[in-house]
Amino acid sequence: MTARVSHGPDPRDGRPYDMTEDLRLAVDVALATERPLLLSGDPGSGKSSLAPFLAHERHLRYYEHVVTSRTQATDLLWTFDSVRRLADAQAHRMHGNDGGYLQPGVLWWSLAPESARTRGGLLKPPDRLDPLERFYRQERAKGAVVLIDEIDKADPDMPNGLLVPLGSQEFTIAETGATVCREDGVDPYLVVITTNGERELPPAFLRRCITFELPPPTEDSLVRIAELHLAHENVAMDDETMEIVMLLAEELTKAREEKNVSRDRLPSTAEFLDALRACRTMGLRPGHPKWHLLRNLTLLKPRQSGG
């Protein structure tokens, strides 16, 4: 379960989420096989929101790592500050061992939280738990959900670097020689990996994942998602609000079918919710003189030309 308090249009608190039966089956299969769940789908389709939702729903610890072009596989396991260590060595201020230069990554925390706290036994356990770890212990969260977001942005070799630690649930820290493995009492954890399809992933990596593609939004699914979000905000779904939701769902469906809209610019569920929020806050609706502009601002977003 997450201890995060989140607000705004993109909360990362795991609420709410439209969990379909097919997606729930994919999650259960990933847990049963202890394989990563690789989620694909259009940008804005809710891939990144699934992991915090599952952590909240199942009272699990939650960790996330957003991948960039510079991310290495080891960054999800640990990082070692060799620059600071060298500076400390040159200044004769080394502190006994290298534990102070280790920073556990999300997979280390998920597999072995006690080891991560002590950097594999190199450091004395902190006198006080940080607020997040204290929350997890109070909730008795024995398992974890890890989000590895946008893995296709990494170097092509990066996914293959995760095959062994994800498959064996252990890894060895190069700088200290210590081996980290899943601790006793830690339940199997779920790794959710998202991809926008910007780069083809290695076949060996795909073979070791449970794969699921989130379907494009339909008018029915958009209405269902709007109902969940409005209920979460304690907003009644009256006839006027339902009419706006239905009209926006129809507009988004039409916009996705326009021939001049490329795949990377298909309006998404997230943009549908933005349009709904704008309509409710500003008192606008389809047919209003400013609707065409609001539609371009939220749903269509014409491609920006270079200056």
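**Close-up views of a predicted model**

**Figure 1. The surroundings of Asp42.** Asp42 is classed as buried because its relative accessibility is 14%, below the cut-off of 20%. The model shown in this and every following view is predicted. Asp42 belongs to the loop that runs between strand β1 (37-40) and helix α2 (47-58). Along the chain, Asp42 and Arg265 are 223 residues apart, yet their C-alpha atoms are separated by 9.1 Å.

**Figure 2. Ala144 and its contacts.** Ala144 is found in strand β5, which covers residues 144-149. With a relative accessibility of 1%, Ala144 is counted as buried. Once neighbours within four places in sequence are set aside, the residues in contact with Ala144 are Leu60, Arg61, Tyr63, Ser110, Tyr189 and Leu190. A further distance can be traced in this view: from C-alpha to C-alpha, Ala144 and Arg58 are 9.4 Å apart, although 86 residues apart in sequence.

**Figure 3. The largest cavity.** The structure contains 2 cavities of 30 Å³ or more, and this view presents the largest, with a volume of about 80 Å³. In general, empty space is revealed by rolling a probe the size of a water molecule over the atoms. The lining of the largest cavity consists of His229, Leu230, Glu233, Leu273, Leu276, Arg277 and Arg280. Two helices, α9 (219-232) and α11 (269-282), each provide at least two of these lining residues. The greatest contribution is that of α11, which gives 4 residues. Sorted by class, the lining comprises 3 nonpolar, 1 polar and 3 charged residues.

**Figure 4. The second largest cavity.** The volume of the second largest cavity is about 60 Å³. Its lining is formed by Glu34, Arg35, Pro36, Leu166, Gln169, Tyr189, Leu190 and Val191. Of these lining residues, 5 are nonpolar, 1 is polar and 2 are charged. Tyr189 and Leu190 may be recognised from Figure 2, as they are also among the residues in contact with Ala144.

**Figure 5. Two cysteines, Cys181 and Cys209.** Cys209 is buried, since its relative accessible area is 9%. Cys181, by contrast, is counted as partly exposed because its relative accessibility is 39%, a value that lies between the limits of 20% and 50%. A disulfide is, in general, a covalent bond that joins the sulfur atoms of two cysteines. The structure has 0 disulfides.

**Figure 6. The start of the chain and the confidence of the prediction.** The average pLDDT of the protein is 84, and 84% of the residues reach a score of at least 70. Residues 1-7, however, have a pLDDT below 50; apart from near neighbours in sequence, this stretch makes 22 contacts in the model. As a general rule, predicted coordinates should not be read in detail where pLDDT is low.

**Figure 7. The whole chain, as a setting for the close-up views.** The protein has 307 residues, of which 45% are counted as buried. Its secondary structure amounts to 12 helices and 9 strands. When contacts between residues at least 6 apart in sequence are considered, 75% of them join residues at least 24 apart. Two of the residues presented above, Asp42 and Ala144, are in the buried class.

Conventions:
Residues numbered from 1 in each chain as written. Predicted model: local features only at pLDDT ≥ 70, side-chain atom pairs only at ≥ 80, totals over all residues. Heavy atoms only, no water. Disulfide = S-S within 2.5 Å. Buried < 20%, exposed > 50% of the residue type's maximum accessible area, 1.4 Å probe, protein only. 1 Å grid on protein atoms, 1.4 Å probe; cavity = no way out; pocket = protein on both sides within 12 Å on 5 of 7 lines; lining within 4 Å. Points joined across faces, edges and corners; volume = space filled by probe spheres on them. Nonpolar A, V, L, I, M, F, W, Y, C, P; charged D, E, K, R; others polar. pLDDT = per-residue confidence, 0-100. Contact = heavy atoms within 4.5 Å.
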